[in-house]
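Grab a pencil and try these exercises on the model below. Each task comes with a worked solution, so have a go before you read on.

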Amino acid sequence: MSYSGPHSDPFGPSDPYRPSDSFDSDRPRRSRLRRPLTVALAALVPGALLGWLAYEALGGAGSGGDGGPDGARAGAGAASSAPGTAPGGDDRPGTLSAPPSRATAPLRGKVVVIDPGHNPANFRHTAEIDRQVDIGTNHKECDTTGTSTNSGYTEAEFTLDVAHRLRTLLQRQGATVKLTQDGDRPFGPCVDERARIGNTAHADAVVSIHADGSAAGNRGFHVILPAAVHAGAADTRAVVGPSKDLGKVLASDFARSTGTSPSNYVGDGTGLVTRRDLGGLNLSTVPKVFIECGNMRDSKDAALLTSGVWRQKAAQGMSEGIVSFLHGS
Ligand SMILES: [Zn+2]
């Protein structure tokens, strides 16, 4: 849209005061004063118009950046760009921002910890990750290498990629997001530390991202919920309920967003499985679930897991589930 019209000066060639000067010869002092005032007015009015137009072009009072990591995208721009659209298209100066509304930053004030399962470098540190750690119910390896597709796309690459996509979506909605690892450490962290990171952050929700390594023909996703465990350092009794709520909406939104079905090999078609043998769940004192997004060893599931388009849908489904959970809590 061109704004050249309002920029043209209506007081220039047709200055309404100019003719009066010639008629009003008995008051020369006023005409001499009036001319500079007229010039000043002529300069000021287009300036004001220009300022108003700039204000409008930048989103005006509707702009609602919240000053957060991606906050400048909130507000009028967020209203017209659905979650999942490419970032960076509508960055705006923060100077015209208004307080964020729940509609533009629904997760403001919420802390979400994303736990990308395994670590791309774990396979180089087998001695360290084999170390046993206390998970309350028993002892288990610090961490594992995870699985991979038959063509070598590793679970650790997958979990980190989805975690990044999910982080972007959650931050765009105002959440404070922390990752337990970002490919920035030589191995791990160990499962007990992964749980501790969520606890220390006082996370409102924690999602541990994985993909399974089951037999070919076994397909679909499942969400793993913590069992009620009270043993040693583990006490999940307070978080079993909210974790189940989180898991249910996560499974539902993940299925809808990705168009994939719940697991055909565990969970009896519900997409939900409860376990008491995972340190990451046993040691959590905040609502937490795992999601196994698919079976990397099945060629049809692998075709999905290796697709960036599908991984974006996966992250989108997780984001929607987290939003649903946090709004209901
Ligand atoms: Zn895994």
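**Exercise 1. Find which element gives the most residues to the lining of the largest pocket.**

Solution. Keep in mind that you're looking at a predicted model.
- Step 1: list the elements that supply at least two lining residues each. They are β3 (139-141), α7 (191-200), β5 (205-212), α9 (279-282) and β10 (288-295).
- Step 2: pick the top contributor. That's β5, with 4 residues.

**Exercise 2. Describe the space in the largest pocket and the residues around it.**

Solution.
- Step 1: start with the volume, which is about 410 Å³.
- Step 2: look at the middle. The lining has 23 residues, and H118, T144, H210, L278 and F290 are the closest to the pocket's centre.
- Step 3: sort the lining by class. You should get 10 polar, 9 charged and 4 nonpolar residues.

**Exercise 3. Work out which residues coordinate the zinc ion, and where they sit in the chain.**

Solution.
- Step 1: find the donor atoms. H118 offers NE2, E155 an OE oxygen and H210 its ND1, at 2.0 to 2.1 Å from the zinc ion.
- Step 2: write the spacing of these donors along the sequence, H-x36-E-x54-H.
- Step 3: place H118 and E155. H118 is in the loop between β1 (111-116) and α5 (126-130), while E155 belongs to helix α6 (residues 155-172). With their positions 37 residues apart, this pair links distant parts of the chain.
- Step 4: look back at the pocket. H118 and H210, both zinc donors, are also among the residues closest to the pocket's centre.

**Exercise 4. Describe how helices α8 and α11 cross, and what meets at their contact.**

Solution.
- Step 1: locate the helices. α8 covers residues 240-258 and α11 covers residues 308-328.
- Step 2: check the geometry. Their axes come within 7 Å and cross at roughly 145 degrees, and the crossing is right-handed.
- Step 3: pick out contact residues. On the α8 side they include L246, V249, L250 and F254, and on the α11 side W310, M318, I322 and F325.
- Step 4: sort the contact by class. The split is 10 nonpolar, 6 polar and 5 charged residues.

**Exercise 5. Search the whole structure for cavities of 30 Å³ or more and say what lines the largest one.**

Solution.
- Step 1: count them. The search turns up 1 cavity, and the largest cavity holds about 40 Å³ of space.
- Step 2: name the lining: G220, T260, C293, G294, D301, L304, L305 and W310.
- Step 3: trace the elements. β10 and α10 (299-305) give two or more residues each, and α10 has the largest share, with 3.
- Step 4: sort by class. There are 4 nonpolar, 3 polar and 1 charged residues.
- Step 5: spot the link. W310 lines this cavity and also takes part in the contact between α8 and α11.

**Exercise 6. Find what's unusual in the backbone at P189 and H202.**

Solution.
- Step 1: go to the loop between β4 (176-179) and α7, where P189 is found. The peptide bond from G188 to P189 is cis, with omega near 10 degrees.
- Step 2: move to the loop between α7 and β5, the place of H202. H202 isn't a glycine, yet its phi is positive, at about 50 degrees.

Methods
Residues numbered from 1 in each chain as written. Predicted model: local features only at pLDDT ≥ 70, side-chain atom pairs only at ≥ 80, totals over all residues. Heavy atoms only, no water. 1 Å grid on protein atoms, 1.4 Å probe; cavity = no way out; pocket = protein on both sides within 12 Å on 5 of 7 lines; lining within 4 Å. Points joined across faces, edges and corners; volume = space filled by probe spheres on them. Nonpolar A, V, L, I, M, F, W, Y, C, P; charged D, E, K, R; others polar. Axes fitted to C-alpha atoms, helices over the stretch in contact; angles between N-to-C directions. Left-handed = near helix turned anticlockwise from the far one by under 90°. Contact = heavy atoms within 4.5 Å. Donors = N, O, S within 2.8 Å, 3.2 Å for Na, K, Ca; no water.
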